[in-house]
Amino acid sequence: MKKAFLFLAGLVLISQVTLISNLGAQAFSKGAFIISLSEGSTQAHYTTTRTDGYHTKENDGNIDGDRDPLTLEYGLSKQWGIGVNLGGDILRVDAKKHYDLTTAQKQVNVITSEATVDVHYHYLVSERTDLSVFGSVGLAGVILKGNEGDRDYQYVSSGSLLRLGTQARQYLTKRFGIHGMLSVYAANCAMADTKHNTIATNTATNIKGYALEFGICYRLRGVKPASSNQTPKFKS
């Protein structure tokens, strides 16, 4: 994780230098359409709360996982963009602790899903560099499926998700580039449909944490070359 953070910091530093040397150019503009694919890791504080009559039982712990989203963005102006994020995480969860599932494996894979609407603000843009912050809100889900001996089990819950973060894109060509993203998030998922769940009845799942990811990006639209005939204007 430390190496990943250093890489992101280096990308931001390179962005600052590139910005100074490419004034007047635009890596992001009105009408731009950008597709980003990334992979990364997430660190989360995982909490399950079971309500049984008048009693409430809560279990929590810190876990890690893998992240793999797809992001689409459209430029509304020179600085503002709107988009969607589709993807999710694979979290390694102690199923006995959180869902009262007796299993030979101490940890099982819980799959989370998300579909959000994102608003981006691009505060620094140069010919090849694009730095932005964003906020996302949307739907989230938690799925745990498997089998224990000859018995199949399933837990499904759904709810809402809020994510805030920052992103850096560095274009290697006019259209193709790399990007890094750091975000914090909170997902609150209640029981979705009790009759289809065979374990952890009346159990809600709340996940809060941060994610760090890197990947590639491609601009389908919005490629504008740097202006070479701009001259500074001075007031007399």
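Is Leu86 buried, partly exposed or exposed? Keep in mind as we go that this is a predicted model. Leu86 sits in strand β4, and its relative accessibility comes out at 43%. Buried would need a value under 20%, and exposed a value over 50%. Leu86 therefore counts as partly exposed, because 43% falls in between.

Now look at the company Leu86 keeps. Along with Tyr74, Leu76, Trp80, Ile82, Val84, Val117 and Val119, Leu86 makes up a nonpolar patch on the surface, with an area of about 670 Å². Where do the residues of this nonpolar patch come from? Two strands each supply at least two of them: β4, which runs over 80-93, and β5, which covers 108-125. The largest share belongs to β4, with four residues.

Let's stay with Trp80, since this patch member also leads us to the aromatic rings. There are three aromatic pairs in the model. In one of them, Trp80 teams up with Tyr121: the ring centres are 4.9 Å apart, the planes make an angle of 55°, and the pair is tilted. What makes this pair handy to find is that it links distant parts of the chain, with Trp80 in strand β4 and Tyr121 in strand β5, 41 residues apart. Trp80 has a relative accessible area of 42%, so this residue is partly exposed. Tyr121 is partly exposed too, at 28%.

Next, try the pair formed by Tyr99 and Tyr155. Their ring centres lie 4.6 Å apart and their planes meet at 40°, so this pair is tilted as well. Why tilted? Planes under 30 degrees apart would count as stacked and planes over 60 as edge-to-face, so 40° lands in the remaining group. Tyr99 belongs to helix α2 (residues 95-99) and Tyr155 to strand β7 (residues 151-171), so the pair ties together parts that are 56 residues apart in sequence.

How covered up are these two tyrosines? Tyr99 has a relative accessible area of 1%, so Tyr99 is buried. Tyr155 is buried too, because its value is 0%. The two also have a partner: Tyr46 joins Tyr99 and Tyr155 in one aromatic cluster.

One last stop involves a ring and a charged side chain. Which residue lies over the face of Tyr171? Find Tyr171 in the model and look for Arg219, which is placed over the ring's face at 3.8 Å from the ring centre.

Terms used: Residues numbered from 1 in each chain as written. Predicted model: local features only at pLDDT ≥ 70, side-chain atom pairs only at ≥ 80, totals over all residues. Heavy atoms only, no water. Patch = residues over 30% accessible without salt bridge, like charges linked within 9 Å, V, L, I, M, F, W, Y side chains within 5 Å. Areas by Shrake-Rupley, 256 points an atom, 1.4 Å probe, with all protein chains shown as cover. Salt bridge = Lys/Arg side-chain N within 4 Å of Asp/Glu carboxyl O. Buried < 20%, exposed > 50% of the residue type's maximum accessible area, 1.4 Å probe, protein only. Phe/Tyr/Trp six-rings, centres within 6.5 Å; stacked < 30°, edge-to-face > 60°. Lys NZ or Arg CZ within 6 Å of the ring centre and 35° of its normal.
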